[in-house]
Amino acid sequence: MRNKKPFVMRGGEIIEGHLMEDHIYVSIMISPKLSVSSFMGYLIDVQT
């Protein structure tokens, strides 16, 4: 996650994150107006 800006524009905010050798833990706060499934779909699209 190089840039926080796309998350903020989508109604999300990165609260904290931990980088491990083979995975990442991230706590994200999203707007109540946005469904979790649509935000996760956005994250998957950004990742690929």
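In which loop does Lys-33 lie? In this predicted model, Lys-33 is found in the loop between strand E2 and helix H2, the latter spanning residues 36–47. Lys-33 is classed as exposed because its relative accessible area, 83%, is over the 50% that the term requires. In space, the C-alpha of Lys-33 lies 8.2 Å from that of Gly-11, although 22 residues separate Lys-33 and Gly-11 in sequence.

The protein as a whole contains 2 helices and 2 strands, arranged along the sequence in the pattern α-β-β-α. Helix H1 covers residues 5–9, strand E1 residues 12–19, and strand E2 residues 24–30. Of the 48 residues, 12% count as buried. The accessible area of the protein amounts to about 4,300 Å², of which 57% is supplied by carbon and sulfur atoms. When contacts between residues at least 6 apart in sequence are considered, 24% of them join residues at least 24 apart.

The two strands are paired. E1 and E2 run antiparallel and are joined by 7 bridges, and the connection between E1 and E2 is a hairpin of 4 residues. Within this pairing, Ile-14 stands opposite Ile-28 of E2. In a regular strand, side chains alternate between the two faces of the sheet.

A nonpolar patch is present on the surface. The patch is formed by Leu-19, Ile-24, Val-26 and Ile-28, which together have about 350 Å² of accessible area. Strand E2 makes the greatest contribution to the patch, with 3 residues. Ile-28 thus belongs to the patch and also faces Ile-14 across the strand pair. Leu-19, another member of the patch, is located in strand E1. Leu-19 is classed as exposed because its relative accessible area of 71% is over the 50% cut-off.

The confidence of the prediction varies along the chain. The mean pLDDT of the protein is 77, and 73% of the residues reach 70 or more. Among the elements, E2 has the highest mean pLDDT, at 86, whereas helix H1 has the lowest, at 60. Where pLDDT is low, the predicted coordinates should not be read in detail. Strand E2, with the highest mean pLDDT among the elements, is also the strand that gives the most residues to the nonpolar patch and that pairs with E1 through 7 bridges.

Key. Residues are numbered from 1 along each chain as its sequence is written. This is a predicted model: local features need pLDDT of at least 70, side-chain atom pairs count only at pLDDT 80 or more; totals for chains, interfaces and linings use all residues. Side-chain values use heavy atoms; hydrogens and water are left out. Patches are made of residues with over 30% relative accessible area and no salt bridge: like charges are joined within 9 Å, nonpolar side chains (Val, Leu, Ile, Met, Phe, Trp, Tyr) within 5 Å. Accessible areas come from the Shrake-Rupley method with a 1.4 Å probe; for residues, only the protein chains shown count as cover. A salt bridge is a side-chain nitrogen of Lys or Arg within 4 Å of a carboxyl oxygen of Asp or Glu. Buried means under 20% relative accessible area, exposed over 50%, partly exposed in between (1.4 Å probe, protein chains only). Contact means heavy atoms within 4.5 Å. Two strands pair if DSSP finds at least two bridges between them. pLDDT is the predictor's confidence in each residue, from 0 to 100.
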